[in-house]
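Open the structure in your viewer and keep the selection tool at hand. The tour goes from one stop to the next, with something to select at each.

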Amino acid sequence: MRAPWIGLALCLALAWACGRSDSGCDRPRTATPIDRAVAGRITGTVTLQGAPPPMRTITLAGDPQCAAGHPGPVLSGDALVHDGRVENAFVYVKDGLGDRTFAVPDTAVTIDQAGCLYAPHVAGAQACQPVQFVNSDPVLHNVHGTPSQSPPWNFGMAVRGSQRAVRVPHPEVMIEVRCDVHPWMRAWLGIVDHPYFAVTRADGRFTFSDLPPGDYVVASWHERFGTRESRVSIGPREVKDVSFTYAGAP
Ligand SMILES: [Cu+2]
């Protein structure tokens, strides 16, 4: 028996207690007004120079119900690059917003468990925004998030169609989420305390709109390619391109 099973068993018995991660999300926040008449925008692309590294093939043979959802080989999905454009980079404003505060969206960010994989593999949310985990599989998963700045969570989801939300109170880039039943299942969750973040899709593009004029540090995180930062100054109504280029993939 691996050690995670012990934690899983405990959490199935004490599911509610283990799932509590939202302390710190009940205090009222007053959002700082943004003057949209002078706000600017940052756009950009995340690219990789050279050939993308190979991705690991996941062996699902040990769990027929997981394998049934996949007619072909399943890749780890941790180095998705399309004509040089990087998918699943988490791009965000790392510094420059000062002491502004922002409204927390009520709309949940959804992470599905489908075919014994997380979808999406990388997600972002604001601190205290609901992150809704869904189980679309007819098998037991547990959702084990291990932040270092916020309380961890660990709960089982045994029923197909079940949903459960967590709220992460403190910013952290990135938080690893795993399933202890299926060791290949891994998702990454980026938490920031403002709305200027994005996860790149197949075109590698991102846009931050309604950004107050100012001096910013914009950062990109990718689980295989690492982190990059770029400084940019935004004047009133200015639109600037900030692009990130990875090279020498491991
Ligand atoms: Cu699982």
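Start by selecting Asp-112 and Ala-119: Ala-119, in β8, is the bridge partner of Asp-112. Bear in mind throughout that this is a predicted model.

**Stop 1: around the first pair**

Extend the selection to strand β7, residues 109–114, and add β8. The two strands run antiparallel and are joined by three bridges.

Which strands make up the open sheet, and in what order? Reading across, the order is β8-β7-β10-β13, four strands with mixed pairing. To find the edges, select β8 (117–119) and β13 (163–167), each of which pairs on one side only. Now turn the view to compare strand directions: neighbouring strands of this sheet are turned against each other by 25 degrees on average, direction ignored. While side chains are displayed, a general point helps: in a regular strand they alternate between the two faces of the sheet.

**Stop 2: a hairpin**

Next, select residues 214–222, which are strand β18, and residues 226–234, which are strand β19. How many bridges pair them? There are nine, and the pairing is antiparallel. The two strands form a hairpin, with three residues between them. For one facing pair, pick Trp-221 and look across to Thr-227 in β19, which stands opposite.

**Stop 3: the largest pocket**

Hide the ribbon and show a surface. Rolling a probe the size of a water molecule over the atoms shows where empty space is left.

The largest pocket has a volume of about 340 Å³. Select Arg-100, Pro-171, Val-192, Asp-193 and His-194, which are the closest to its centre of the 25 residues that line this pocket.

Bring the ribbon back and colour β6 (90–95), β14 (172–178) and β15 (186–192); each supplies at least two residues of the lining of the largest pocket. Which strand gives the most to this lining? That is β6, with four residues.

Colouring the lining of the largest pocket by residue class gives eleven nonpolar, six polar and eight charged residues.

**Stop 4: the second largest pocket**

Move on to the second largest pocket, which holds about 300 Å³ of space. Select Ser-76, Gly-77, His-121, Trp-184 and Arg-186: of the 20 residues that line this pocket, these are the closest to its centre. Use the class colours again here, and the lining of the second largest pocket shows nine nonpolar, four polar and seven charged residues.

Methods:
Residues numbered from 1 in each chain as written. Predicted model: local features only at pLDDT ≥ 70, side-chain atom pairs only at ≥ 80, totals over all residues. Heavy atoms only, no water. 1 Å grid on protein atoms, 1.4 Å probe; cavity = no way out; pocket = protein on both sides within 12 Å on 5 of 7 lines; lining within 4 Å. Points joined across faces, edges and corners; volume = space filled by probe spheres on them. Nonpolar A, V, L, I, M, F, W, Y, C, P; charged D, E, K, R; others polar. Pairing = 2+ DSSP bridges. Axes fitted to C-alpha atoms, helices over the stretch in contact; angles between N-to-C directions.
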